[in-house]
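These are my notebook entries on one structure. I record in turn what I looked up.

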Amino acid sequence: MGTARSAPFLPATDTRVGVARPGDHDIVVVGASVAAARTASMFLVGLHGGFSLPLVLLLGGPGRDRSDGERLVSLQAHCALPVRIVDDKDPILPGRIHVAPADYHLFIDDDHFALSTAAPVNGARPSIDVLFGSVADAFGPRAVCVLLGSNEHDDGRAGADRVRARGGLVIVENPATAALGVAPRAEAPLASATVLHLSEIAPFVSNLGEWEAS
Amino acid sequence: MNTAPRDYEEPPHGLEDLEIDLLLEGIARRYGSDLRGYARGALRHKLMGTLVAERLPTISALQERVLRDAAAMARVLATLATNVQGMFRDPGFFLTFRRRIVPLLRTYPFVRIWLAGCSTGEEVYSIAIVLAEEHLSTRVRLYATDMSETVLAQAKAGTYGADLLQPFETSYLEAGGRRTLTDYCTIGRDGMTLSSSLRDNVIFGQHDLATDRSFNEFNVILCRNVTIHFGLALRRRVHDLLRESLCRLGILGLGAHESLRGSGHEDRYEVLDPAARLFRRLG
């Protein structure tokens, strides 16, 4: 076991991806940390237009550079599915991209969203850790969490661990494709995550949500 | 505010939820503060932060301390009542308030404004400054209420970190401010302190939206980013209270990402400004 020759012979994708099947999951939550807005757009472009699970997107990093409205317009341009900025108590709807609003934490309570002005966590509000943790509590093994892009503040790692602990599926972007070259560090606890190249994540996630053949 | 290492192997509605239920039940019976209707995810998050601050291992341990120690209860209440938001948060709201609401207020001989859930007071001073610049101060009385005496004391003191002056100033100018924020505060060792003259027409009072009744009739109620912390049923109850407390054609202001959907009062208001989330009571 564990010989030095393993790395060069590993396939580009983790072979454990086969364990995830359509119908196993009820929600997909994507956390894109600092400077990953462009990555998030590329992910949305690749998402199947018939995707039928609820998808929640949290863009980390400074919130003041763009208004919610501008973010909405730029994201919708990349996506066939309807994109909406979340309002407090909005229901979680299938086949829709729910985008976390700037300067609130985003929680999930049963079948709807809840916002909070609790203090930033490790300097972040919204915080990926907070959202992932809430999704882990609410959906347990039916949750899929995706960590995109570089992650210099490590926001998302603790939340991803909690999703794993509750039996959910965690996908992280392969460091080789992440912007700035400092991707979510795939060592230690996140080793149990499925590591995919950016171009593979959208097809993989699309496959988890059943769609009508077009 | 990272939580200590914890055992997350429990099922989603397992032991921790039971502990929280018991804590809230105990608080309601011991102190009369009813937190049972709060939105669960955010409540759990804040309670976990409290565990770290109190150096306690479990919610059950927190329950024991809170039931026996009123000061610990006050700290929990203050944590739950704390809205971390600066002065002139959402500058567009204050700009719209100035342009659309102030002209309406001028038509009344006397105006009562209720800032429900005022937390540490940043919004109270923001509104007070707008009213001062519009020469309306003497005709307006501001009622600023919160459930926590601790945060009310902070609101009355009006002292905020000196490092906040710059971001507050930026928001103040974006909100249509006519002077400079430093005209309204002094900088001392404790930070920036808003001038006491801004408080001349403010009445601070303890009021719990979850348990207390309407106490006056208002021309304007601002309840921004407050009912986000409540669950669906409590939020409906609070909207009953808010509407009951508004005079005819009274104005309700909500937070930038709040709506009346699910409040039970969707048809009883007209939208005055959709972006600023300003509504006017009908009938």
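**Entry 1. One residue of chain B.** I began with B:I113, and I first asked whether B:I113 is buried or exposed. The model is a predicted one, and in it I found 24 C-beta neighbours inside 10 Å of B:I113. B:I113 therefore counts as buried, since the cut-off for a buried residue is 20 or more other C-beta atoms within 10 Å. I then located B:I113 in strand β1 of chain B.

Which residues does B:I113 touch, leaving aside those up to four places away in sequence? I listed B:I127, B:V140, B:L142, B:Y143, B:F218, B:N219 and B:V220. I also looked up the distance from B:I113 to B:S171, which lies 58 residues apart from it along the chain. Their C-alpha atoms are separated by 22 Å.

**Entry 2. Positive phi angles in chain B.** I noted B:S119, whose phi is near 50 degrees, a positive value in a residue other than glycine. B:S119 sits in the loop between β1 (111–116) and α6 (122–133) of chain B. I counted B:S119 as buried because it has 25 C-beta neighbours inside 10 Å.

I made a similar note on B:N225, which is not a glycine but has a positive phi of about 60 degrees. I found B:N225 in the loop between β7 (218–222) and α9 (232–244) of chain B. B:N225 has 25 C-beta neighbours inside 10 Å, so I entered it as buried.

**Entry 3. Helix packing in chain B.** I took helix α4 (residues 70–81) and helix α7 (residues 149–157) of chain B and looked up how they pack. The angle is about 60 degrees, and the axes are 7 Å apart. That angle is why I describe α4(B) as oblique to α7(B). On the α4(B) side, I found B:A74, B:L77, B:A78 and B:A81, which meet B:E149, B:T150 and B:V151 in α7(B). I sorted the residues of this contact into five nonpolar, one polar and one charged.

I next looked up helix α2 (residues 40–54) of chain B against α4(B). Their axes come within 10 Å and cross at roughly 135 degrees. I therefore recorded α2(B) as oblique to α4(B). Their crossing is right-handed. I saw that B:K46, B:G49, B:T50 and B:E54 in α2(B) meet B:A72, B:V76, B:T79 and B:L80 in α4(B). By class, I entered three nonpolar, three polar and two charged residues for this contact.

**Entry 4. Chain A as a whole.** How many helices and strands does chain A have? I noted six helices and nine strands. Of the 214 residues in chain A, 49% are buried. I also looked at the contacts in chain A with a separation of 6 or more, and 71% of them are between residues 24 or more positions apart.

**Entry 5. The sheet of chain A.** I traced an open sheet of seven strands in chain A, in the order β3-β4-β2-β1-β7-β8-β9, with parallel pairing. I asked which strands stand at the edges. They are β3 (83–85) and β9 (194–196) of chain A; each has a single partner strand, so one side of each is left without a neighbour in the sheet. From one strand to the next, the twist averages 20 degrees.

I then followed β9(A) to its pairing with strand β8 (residues 169–173) of chain A, which is parallel and runs over three bridges. One entry I made here is that A:I171 has A:T194 in β9(A) as its bridge partner.

Two helices on the sheet were looked up next. Helix α3 (residues 68–76) of chain A lies across β2 (55–59), β3 and β4 (97–99), and runs at about 165 degrees to β3(A). Helix α6 (residues 198–208) of chain A lies across β1 (27–32), β7 (143–148), β8 and β9, at about 155 degrees to β8(A).

**Entry 6. A cis peptide bond.** I found a cis peptide bond between A:R125 and A:P126, with omega about 5 degrees. A:P126 belongs to the loop between β6 and α4 of chain A.

**Entry 7. Where the chains meet.** I noted that 26 residues of chain A are in contact with 24 residues of chain B. On the side of chain A that touches chain B, β5 (105–109), β6 (112–116), α4 (128–139) and α5 (157–165) each supply at least two residues. I divided that side of chain A by class into 14 nonpolar, five polar and seven charged residues.

How values were computed:
Residues are numbered from 1 along each chain as its sequence is written. Chains are lettered from A and ligands numbered from 1 in the order in which they are written. This is a predicted model: local features need pLDDT of at least 70, side-chain atom pairs count only at pLDDT 80 or more; totals for chains, interfaces and linings use all residues. Helices (H or I, at least four residues) and strands (E, at least two) are DSSP runs, numbered from the N terminus. A residue is buried if 20 or more other C-beta atoms lie within 10 Å of its own, exposed if 12 or fewer, and partly exposed in between; C-beta atoms are placed from the backbone. Two residues are in contact if their C-beta atoms, placed from the backbone, lie within 7 Å. Axes are lines fitted to C-alpha atoms, for helices over the stretch in contact, and angles run from 0 to 180 degrees between N-to-C directions. Angles under 35 degrees count as roughly parallel, over 145 as roughly antiparallel, 65 to 115 as roughly perpendicular and the rest as oblique. Ala, Val, Leu, Ile, Met, Phe, Trp, Tyr, Cys and Pro count as nonpolar, Asp, Glu, Lys and Arg as charged, and the others, Gly among them, as polar. A crossing is left-handed if the near helix is turned anticlockwise from the far one by less than a right angle, and right-handed if clockwise. Two strands pair if DSSP finds at least two bridges between them.
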